[in-house]
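Colleague: I have a few questions about this one before I set anything up. Can you take me through it?

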Amino acid sequence: MSVKDKVIEIIAEQAVLEPSDVTLDSTLEELGIDSLGLVESIFAIEEAFDISVPFNANEPTQSDFDISSVATIIAGIEKLIAEQA
Amino acid sequence: MKRVVITGAGTINALGQNVPDTLAAMREGRCGIGELDLRDVDRLAVKIGAQVKNFEAEALFNRQQMALFDRFTQFTLVAAREAMAQAGLEFSGELAAKSGVVLGNSGGGMQTLDENYRTVYEDGKNRVHPFVVPKLMNNAAASHVSMEFNLKGPSFTVASACASSNHAMAQAFQMVRTGMATAMVTGGTESMLCFGGVKAWEGLRVMSKDACRPFSANRNGMVQGEGAGVFVFEEMEHAKARGAEILAEISGFAMSSDAADIVMPSKQGAARAIAGALADARLNREDVGYINAHGTGTAANDKTECSAVADVFGPHADSLMMSSTKSMHGHLIGGTGAVELLACIMAVRDGVIAPTIGYEEPDPECALDVVPNEAREADVEVALSNAFAFGGLNAVLALRRV
């Protein structure tokens, strides 16, 4: 499974949606994922890819990890996998 | 209804191992937060905390006690001994029969849990010390205080996460106010700075990796602390009759529940607790000069709390002071309200307002006088102590100069 598909699967599970309903330009807010859901998704992503995501819930826009859409999250994870490989 | 006063105070926390040292540190705006010294700290992402350093428990407790006292119990007894020595009350006869200990605590014997989980899970051993249960149960501290000081009335532990101490002290206050007890020992305690305790908090991603900067625009989370605060609450006429030194009067309290979210705070829930405490103490909002904030240094708490205070106090919000001493002693979770009550006593008794240290940048969403970085002298008649816990459980106490 590609990084993209796996991330979409994780986000879809959190949002209680089918993966086909999660598009690349969806925002977490549109998908109904709140702050706890976000933290839980990041945990699932870290476990799935064995990476560490630099995310602090107090300053979500400050870290390098961009959570503004599904596409930016996937891009961020691909970068982290490359860096932490 | 009886009036209730504080006749004894004791503490141990990262700022000091007694009340005078702690208050001196608060006056100086000293920071008790530093690098954590604990096993496997290299496996933690959060490596700072407000730890009690240079604590020689073996010098204070005998071998048998050490076998039974988790660190949170040790802290409690240190604070209780100081409070009881100051109060000068001897508990015997009828007084002893009615007086008890109500303490706030969240995690119980976390050090004991951590060590013994290691023993069975990591080291693969199949045997643990026989005292693990009596050592880790979170009423252990209250029980040992009752034993040491012959308190035979109602004793128990209150757990409401970060509001545990305030809920506990509110309960003790009620008991004395209604005449159920003449005196109660109360406060709170916590010792969660062990690998498992910090790791659990780390998971929530609300912890700062560098400092606790409440209300500052660049705040980035909370920092855990540890320790205890213990007080003697006594019926006022009883205290006066025996010539006891009165530190302050507890004049009211209120509790509320957000009934909304397990972690996100609610402005309405906080505001109802603050307004409720004023009503219970029969205070006008203009009477309040100082609020010891819950002020965790998280994005969510600080703006919600400021907004709740602005709602309750209206224009007076701009003339009162509100600081978060967590910037210095960290967040003691179940013990935090007890240590923070000391800052309220210092405000009404000594006219010294503890600062919010680490304050670097104003935040328009926290536009109150947060007493940035330096303590201030001020004539304060009434102080409030806020506590707003995970789970949406709020408790606010009102303190008054006597």
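Colleague: Which way do β4(B) and β6(B) run, parallel or antiparallel?

Modeller: Parallel, in this predicted model. Strand β4, residues 101-104 of chain B, is joined to β6(B) by four bridges. One pairing to look at is L103(B), whose bridge partner in β6(B) is G187(B).

Colleague: And how many bridges join β6(B) to β7(B)?

Modeller: Eight, and those two strands run antiparallel. Strand β7 covers residues 227-235 of chain B.

Colleague: What is the bridge partner of G187(B) in β7(B)?

Modeller: V230(B). G187(B) thus has L103(B) as a partner in β4(B) and V230(B) as a partner in β7(B).

Colleague: Is β6(B) buried or exposed?

Modeller: Buried. Eight of the eight residues in 183-190 of chain B count as buried, so strand β6 is largely enclosed by the rest of the structure.

Colleague: Which residues sit on each side of it?

Modeller: In a regular strand, side chains alternate between the two faces of the sheet. For β6(B), one side has A183(B), V185(B), G187(B) and T189(B). The other has M184(B), T186(B), G188(B) and E190(B). Both faces are covered, with all of these residues buried.

Colleague: Changing topic. What does chain B look like overall?

Modeller: Its secondary structure comes to 15 helices and 14 strands. The radius of gyration is 20 Å, close to the 21 Å from the globule rule for 402 residues, so chain B is as compact as a globular protein of that length. Its C-alpha atoms fill a box of roughly 65 × 55 × 40 Å along the principal axes.

Colleague: How much of it is buried?

Modeller: 60% of the 402 residues of chain B. On contacts, taking those between residues at least 6 apart in sequence, 80% join residues at least 24 apart.

Colleague: Any domain annotation?

Modeller: UniProt, in an unreviewed entry, places "domain: Ketosynthase family 3 (KS3)" at residues 1-401 of chain B. That span is 37% helix and 19% strand, and its end C-alpha atoms lie 19 Å apart.

Colleague: How many residues of chain A touch chain B?

Modeller: Nine residues of chain A are in contact with eleven of chain B. The chain A side of that contact has five nonpolar, three polar and one charged residues.

Colleague: What are the confidence scores?

Modeller: Mean pLDDT for chain B is 97, and 100% of its residues reach 70 or more. For the model, ipTM is 0.81 and pTM is 0.95.

Definitions and conventions. Residues are numbered from 1 along each chain as its sequence is written. Chains are lettered from A and ligands numbered from 1 in the order in which they are written. The radius of gyration is taken over C-alpha atoms; the globule rule is 2.2 Å times the number of residues to the power 0.38. A residue is buried if 20 or more other C-beta atoms lie within 10 Å of its own, exposed if 12 or fewer, and partly exposed in between; C-beta atoms are placed from the backbone. Two residues are in contact if their C-beta atoms, placed from the backbone, lie within 7 Å. Ala, Val, Leu, Ile, Met, Phe, Trp, Tyr, Cys and Pro count as nonpolar, Asp, Glu, Lys and Arg as charged, and the others, Gly among them, as polar. Two strands pair if DSSP finds at least two bridges between them. UniProt positions are given in the numbering used here, feature names are shortened, and annotations may be inferred rather than shown by experiment. pLDDT is the predictor's confidence in each residue, from 0 to 100.
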